[in-house]
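Open your viewer, load the model and keep the selection box handy. We will go from whole-chain views to single residues, one selection at a time.

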Amino acid sequence: MITPVIMAGGSGTRLWPLSRAGHPKQFLALNGDKTMLQQTAERLSGLATTESITICNEEHRFFVAEQLREIDALGKIILEPVGRNTAPAIALAALIEKEEDPLLLVLAADHVIADQDAFTDAVLTAVPLAEAGKLVTFGIIPSEPHTGYGYIEAGEPVEGYYSVASFKEKPDAATAAEYVNHGGYFWNSGMFLFKARHYLKELETHRPDIAVACDGALANVSHDLDFIRVDVEAFAACPDDSIDYAVMEKTSDAVVVPMDAGWSDIGSWTSLWDVSDKDDSGNATAGDVKLIDTRNSFVWADDKLVALIGLDDVVVVSTKDATLIAHKQRVQEAKAIASQLKSEGRSEWQLHREVYRPWGRYDSVDHGDRYQVKRITVKPGARLSIQMHHHRAEHWIVVSGAAKVGKDDQEMVIAENQSVYIPVGCKHWLENPGKIPLELIEVQSGAYLGEDDIVRFSDVYGRT
């Protein structure tokens, strides 16, 4: 039996401004109605699997739980208290499954695979190899000399697979062309299949420090709602290393199974353009877009009309609070913009104007001196924490649905077109008792309106 291990960490800043640290690409619907995480989980439908293990960081835990619950694929969710790369993350999953010793199918949550049947066939080809003690990696048959991927040099061919001669770092253009022209090289997909215990054995052999740290991190496990929490101090002491460096480049049991399944890691806006449907002029668009005399371009309009005239080979991405305009050959530098915003202390590198919370979401529609206006959506049955603010008062106006509100020792229900005032220092809470989403407008006023002016007294979602 196969146990999927879905790696859902990462910030995806190369797809800024749509993908941000607080809401990265794996939780976005970039090429269809489902998010990339959901597509990854549904990709397993052709395989006999147990419940999946998804590994993510603390900040994104509610994205993972909600999105997997929507497609009835929740499984286990391991929270990494700090990022320590793929080798330790996979070790946590392997240790949790050590007793049953299943095959672990390691997948990234932010990849696109166009041909699901070819993906399934490659995994089924790898199953007997992994059962026999091989550490299988999947090599993508290259369609071009790509400089954004690492490469796997194939060794001796065996029926259906190859031994691994070496792993290659991301090459320059000339070296990538040499690899593709020579043949016998695959793109390194970052997908793996192996027995849980065999991975742990190889990790103990080649990186015993990682193995010991991960074992210690699981010595004090706690369960919180849908999540598995490991020992923070023990895992923080774990070295940072990838599975390629820690195990795959050192083991004698590595083999590569070719895969030709329309794979992409969507590492840039150009990559997304590559896998998107295009018009007769080679343009890929999403949202309200108008084009005149424009070719081979990618345009994403999040919330407004975007029009292009007389442009070729450009990327335009418009969100509610930021717009990126770049030549396709330089879209990788979006990551540099995100880094610059972070260094300047601006919020756009991390958060969108519309921010998701476990209870719903809020959109900061306007702000000025001593005021801020938000549109708040609360899911049916959801409840905000019991809290208070030192510096701001709030005025809530219900637009649709009904709100159950607590103010100090008072409790009330307010309906559409009704409102309630929350003064500074008042302990309060908000709940949606209905069957439809609660929509309300919140007007904040005060000397300080930062999100950190929240004192939580209790929270059903376990937030501090």
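Select the charged side chains to begin: the protein chain has 44 positive and 70 negative charges, and their mean positions are 5 Å apart. Keep in mind during the tour that this is a predicted model.

**The whole chain**

Now switch to a cartoon view. The protein chain has 11 helices and 30 strands. Its radius of gyration is 24 Å, close to the 23 Å that the globule rule gives for 464 residues, so the chain is as compact as a globular protein of that length. Aligned on the principal axes, the C-alpha atoms fill a box of roughly 75 × 60 × 40 Å.

Turn on the surface next. About 20800 Å² is exposed by the protein chain, with carbon and sulfur atoms supplying 48% of that area. Of the 464 residues, 52% count as buried. If you draw a contact map, look away from the diagonal: among contacts between residues at least 6 apart in sequence, 68% join residues at least 24 apart.

**Into the largest core**

Hide the surface and select Ile 55, Leu 92, Phe 194, Tyr 199, Leu 203, Cys 214 and Ile 243. These are the residues with the most contacts inside the largest nonpolar core, which has 43 residues. Helix H3, residues 86–96, gives the most to this core, with 8 residues. A second, separate core has 35 residues, including Leu 68, Ile 71, Ile 77 and Ile 376.

Zoom in on Phe 194. Which residues touch Phe 194, once neighbours within four places in sequence are left aside? The contacts are Ile 90, Pro 102, Leu 103, Leu 104, Val 106, Ala 130, Lys 134, Leu 135, Tyr 199 and Ile 243.

From Tyr 199, extend the selection to helix H6, residues 196–206, where the buried residues are Ala 196, His 198, Tyr 199, Leu 200, Glu 202 and Leu 203. The elements covering these buried residues include H3, strand E4 (103–108), E6, strand E9 (185–195), helix H7 (208–217) and helix H9 (243–248).

E6 is a good next stop: select Thr 137, found in this strand (residues 135–140). Is Thr 137 buried or exposed? Thr 137 is buried, with a relative accessible area of 0%. Not counting residues up to four places away in sequence, Thr 137 touches Ile 152, Asn 188, Met 191, Phe 192, Met 248, Val 255, Val 256 and Val 257.

**Helix H2 and the residue after it**

Select residues 61–70 for helix H2. Here 7 of the 10 residues are buried, so H2 is largely enclosed by the rest of the structure. The buried ones are Arg 61, Phe 62, Phe 63, Val 64, Ala 65, Gln 67 and Leu 68. Their cover includes H1, strand E2 (53–57), E3, strand E11 (227–229) and strand E20 (354–357).

Step just past H2 to Asp 72, which takes a positive phi of about 60°. Asp 72 lies in the loop between H2 and strand E3 (76–80). At 75% relative accessibility, over the 50% cut-off, Asp 72 counts as exposed.

**Two more backbone stops**

Most residues other than glycine have a negative phi, and most peptide bonds are trans. With that in mind, select Arg 370, which has a positive phi of about 70° although it is not a glycine. Arg 370 sits in the loop between strand E21 (360–368) and strand E22 (371–378).

Then select Trp 16 and Pro 17, which are joined by a cis peptide bond with omega about 10°. Pro 17 belongs to the loop between strand E1 (2–7) and helix H1 (36–42).

**Two distances to draw**

Pick the C-alpha atoms of Asp 121 and Gly 46: these residues are 75 apart in sequence and 9.1 Å apart in space. Asp 121 lies in helix H4, residues 116–131, and is partly exposed, with a relative accessible area of 48%.

For the last pair, pick Lys 168 and Arg 456, 288 residues apart along the chain, with C-alpha atoms separated by 50 Å. Lys 168 lies in strand E8, residues 161–168, and counts as partly exposed at 29% relative accessibility. Leaving aside neighbours within four places in sequence, Lys 168 is in contact with Gly 150, Tyr 151, Glu 153, Tyr 179 and Tyr 185.

Conventions
Residues numbered from 1 in each chain as written. Predicted model: local features only at pLDDT ≥ 70, side-chain atom pairs only at ≥ 80, totals over all residues. Heavy atoms only, no water. Core = buried A, V, L, I, M, F, W, Y, C linked by side-chain atoms within 4.5 Å. Buried < 20%, exposed > 50% of the residue type's maximum accessible area, 1.4 Å probe, protein only. Helix = DSSP H or I, 4+ residues; strand = E, 2+ residues; numbered from the N terminus. Contact = heavy atoms within 4.5 Å. Rg over C-alpha atoms; globule rule 2.2 N^0.38 Å. Areas by Shrake-Rupley, 256 points an atom, 1.4 Å probe, with all protein chains shown as cover. Lys, Arg positive; Asp, Glu negative; His and termini not counted. Charge placed at Lys NZ, Arg CZ, Asp CG, Glu CD.
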